[in-house]
Amino acid sequence: MGVGDYLSDLMGTGSGSRQHSNNSRKQLQTVELRVTMDCDGCVLKVKKTLSSLDGVESVEINRKQQKVTVTGYVEANKVLKKAKSTGKKAEIWPYVPYSMVANPYTVQAYDKKAPPGYVRRVDNSATIETVTTYGDPYTTMFSDENPNACSIM
């Protein structure tokens, strides 16, 4: 965009070729997917399909973790739909680093299938458990307020 284009957009007398402003453009984002890939052919098919999507800057695939990272001016639901069109099982990456979860080893978050250092993405409010605390029985066992203290001695 040159100075002339900027001034013409500012004055409102553009040539008409620029229909949208900067607010309507998509933002650069990273979409992480979990895609089941068994061989190098699957990896190439997924990479080729996702690279053909408009706005994609790069596609990185980690076959060991079954993770696909797409960076570009794209929407997550469109990337997911395109990945599913390959015939592979695909979903939004369900894991986060275990340091991002308040209680990473609760039943909701812990997953044996997760890559090392990751746990399942859960809502932090769902992992808070109520803990019922009881008073220490040894501190009240020999107190004067305990009516059964004589039977213990």
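## A bridge between Lys-67 and Glu-32

Let's begin with a pair of charged side chains: Lys-67 and Glu-32 form a salt bridge, with 3.3 Å between N and O. The two partners sit in distant parts of the chain, 35 residues apart. Lys-67 belongs to strand β3, which covers residues 67-72, while Glu-32 is part of strand β1, residues 29-35. Please keep in mind that this is a predicted model.

Is Lys-67 buried or exposed? Its relative accessibility is 11%, so Lys-67 counts as buried. Glu-32, on the other side of the bridge, is partly exposed, with a relative accessible area of 29%.

## Two further salt bridges

How many salt bridges does a search of the whole structure find? The answer is three, and the general idea behind them is simple: side chains of opposite charge can pair when their charged atoms come close.

Another of these bridges joins Arg-34 and Glu-91, whose closest N and O atoms are 3.5 Å apart. Here too the pair links distant parts of the chain, with Arg-34 in strand β1 and Glu-91 in strand β4 (residues 90-92), 57 residues apart. Arg-34 has a relative accessible area of 25% and is partly exposed. Glu-91 also counts as partly exposed, at 29% relative accessibility.

Then there is the bridge between Asp-40 and Arg-63, where the closest N and O atoms lie 2.7 Å apart. Asp-40 is found in helix α2 (residues 40-51) and Arg-63 in the loop between β2 (56-62) and β3, so this bridge ties together parts that are 23 residues apart in sequence. With 53% relative accessibility, Asp-40 counts as exposed, whereas Arg-63, at 36%, counts as partly exposed.

## The largest pocket

Now for some empty space. Rolling a probe the size of a water molecule over the atoms shows where such space is left. In this model, the largest pocket holds about 160 Å³ of space.

Which residues line the largest pocket? They are Arg-34, Thr-36, Lys-64, Gln-65, Gln-66, Trp-93, Tyr-95, Lys-113, Ala-114, Pro-115 and Pro-116. By type, the lining divides into five nonpolar, three polar and three charged residues.

One name here is already familiar: Arg-34 is among the residues of the pocket lining, and Arg-34 is also the salt-bridge partner of Glu-91. If you are looking at the structure, Arg-34 in strand β1 is a handy place to go from the bridges to the pocket.

Technical notes
Residues numbered from 1 in each chain as written. Predicted model: local features only at pLDDT ≥ 70, side-chain atom pairs only at ≥ 80, totals over all residues. Heavy atoms only, no water. 1 Å grid on protein atoms, 1.4 Å probe; cavity = no way out; pocket = protein on both sides within 12 Å on 5 of 7 lines; lining within 4 Å. Points joined across faces, edges and corners; volume = space filled by probe spheres on them. Nonpolar A, V, L, I, M, F, W, Y, C, P; charged D, E, K, R; others polar. Salt bridge = Lys/Arg side-chain N within 4 Å of Asp/Glu carboxyl O. Helix = DSSP H or I, 4+ residues; strand = E, 2+ residues; numbered from the N terminus. Buried < 20%, exposed > 50% of the residue type's maximum accessible area, 1.4 Å probe, protein only.
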